[in-house]
Amino acid sequence: LKKRKKEKQILQLLYQACDGANWRSQDNWNNDDVDICQWYGVKCDDGRTVSSLQLGSNNLVGTPPNEIFDMPNLKLLWLYSNPIDFKFDGIGRAGKLTSLLLDSTGLTSLEGIGDAYALVDLDVRFNRLSGPIPDEVSRLVNLETLSCSDNQLSGNFPSLSRLKNLKSIRAGSNQFSGPLPDFSTQPNLKSIDLSGNNIKGPIPPDFLANTDTSFSVYIDLSSNQITGVVPGKLSRFDQLTLYLRDNRIIGVDQSLCSKELWNNGDVGAFQCDGILCPTGTWASNSGRASQNGAKCESCEFSNSYGLSECVENAEGNVGSLRGNGTSEGPGIGIIFLICFLVFGLAAGVSVFRKRNQQSRHYGGLSTSGEFT
């Protein structure tokens with residue numbers, strides 16, 4: 001009874017601190033006639049102590065009190081999609097907290113996260129985190145899922161070599177640079193998304209060297225600055241989904257082109273083209289042939305594998321408009337200049353003919369086109 005009374009007080013603090021009166025759902029909150037285990041979003045183990053707070057997308061506003069970490073059996077804390085100012089101070093007191101979902105909350109710092117030793121699942125996507133991933137993340141030795149995509153995180157992506165239980169890394173759409181780690185110390189790692197960054201250099205030959213080959217593995221390194229040849233040592237995986245479009249790759253090891261189950265059977269159907277379209281070709285959106293209809297089509301500008309758009313950039317190379325920061329080349333600029341002059345001349349003649357009949361304001365003329 002003493003624990004329950006304290007937990008009720010903590011929940012009431014949360015309600016007051018985060019504008020509970022305006023929550024989307026607040027069924028039974030602050031109702032003395034209803035057990036706290038029946039309050040909206042509150043779950044209890046065996047009807048006794050609080051084990052879960054699931055208040056995502058519920059219009060919580062403000063700073064959740066750190067007293068929530070004093071609930072001794074709290075395992076799940078889901079506060080995603082709320083405009084809150086979350087702090088990790090005191091999170092070490094939540095010794096059983098395994099799942100923390102703070103995506104889309106406006107989070108700006110991970111300071112203090114290293115004390116959450118029990119965490120298995122951490123989601124901080126779609127926030128305002130910047131700078132390198134802090135070293136203290138490496139103290140989360142029980143972590144299985146790290147989701148930090150769609151922030152402004154930068155610097156070299158860490159090897160996370162101490163996190164041997166990792167199964168999934170989702171870190172796409174950031175500003176990471178430097179080489180690609182080999183992740184060779186995580187035997188359970190079977191899903192990696194580092195797409196939409198600025199990672200440079202080749203795929204290490206020992207990439208995922210100790211990952212169990214019986215796993216169905218997912219790798220997305222699209223829209224980076226990956227170079228070299230896709231290494232043949234990846235052939236040890238029988239089931240692999242591999243996204244590599246819009247990099248600077250110059251080849252695919254031929255031993256990979258017979259992996260019939262890769263990319264949901266696309267490699268079986270199209271061999272090497274099912275991994276990446278070769279130099280001199282491109283495939284819309286995917287950079288590879290697929291059974292969904294994408295084909296490797298001729299592109300005179302192409303000088304690397306796996307391009308998803310056939311567009312000449314300022315260096316005379318091809319790049320996707322979605323990745324690698326490429327720009328339109330001088331050939332396209334000339335086309336637009338000609339269009340501007342032709343349409344401008346036509347507009348000028350029309351104005352001359354009508355200027356004595358009416359007075360008008362002519363705005364600028366814009367043209368657009370898709371070059372494939």
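**View 1. Parallel pairing of β14 and β16.** In this predicted model, strands β14 (225-230) and β16 (248-252) run parallel and are joined by four bridges. Two strands count as paired if DSSP finds at least two bridges between them; strands (E, at least two residues) and helices (H or I, at least four residues) are DSSP runs numbered from the N terminus. Glycine 228 has isoleucine 249 of β16 as its bridge partner. Both strands belong to an open three-stranded sheet with the order β12-β14-β16 and parallel pairing. Its edge strands, each pairing on one side only, are β12 (200-202) and β16. On average, neighbouring strands of this sheet are turned by 10 degrees against each other, direction ignored; the axes are lines fitted to C-alpha atoms, and angles run from 0 to 180 degrees between N-to-C directions.

**View 2. The open sheet β6-β8-β10.** Three strands in the order β6-β8-β10 form an open sheet with parallel pairing. β6 (130-131) and β10 (175-177) are the edge strands, each pairing on one side only. β6 and β8 (residues 152-156) run parallel and are joined by two bridges. Serine 130 stands opposite glutamine 152 of β8.

**View 3. The hairpin of β1 and β2.** Four bridges link β1 and β2 in the antiparallel sense, and aspartate 45 stands opposite threonine 49 of β2. Three residues lie between the strands of this hairpin, where aspartate 46 takes a positive phi near 55 degrees. Side chains alternate along β1: Val42 and Cys44 point to one face and are buried, whereas Lys43 and Asp45 point to the other and are not. Buried means under 20% relative accessible area (1.4 Å probe, protein chains only).

**View 4. The largest nonpolar core.** The largest nonpolar core, a set of buried Ala, Val, Leu, Ile, Met, Phe, Trp, Tyr and Cys residues joined through side-chain atoms within 4.5 Å, has 82 residues; Phe86, Leu100, Ile113 and Phe183 have the most contacts inside it. Elements that each supply at least two residues of this core include α1 (2-17), β1 (42-45), β2 (49-54) and β13 (216-220). With four residues, α1 gives the most.

**View 5. Surroundings of isoleucine 113.** Leaving out residues up to four places away in sequence, isoleucine 113 touches Phe88, Leu100, Leu119, Leu122, Glu136, Val137 and Leu140. Contact means heavy atoms within 4.5 Å.

**Notes.** Residues are numbered from 1 along each chain as its sequence is written. Local features need pLDDT of at least 70 and side-chain atom pairs count only at pLDDT 80 or more, while totals for chains, interfaces and linings use all residues; side-chain values use heavy atoms, with hydrogens and water left out.

Notes. Buried means under 20% relative accessible area, exposed over 50%, partly exposed in between (1.4 Å probe, protein chains only).
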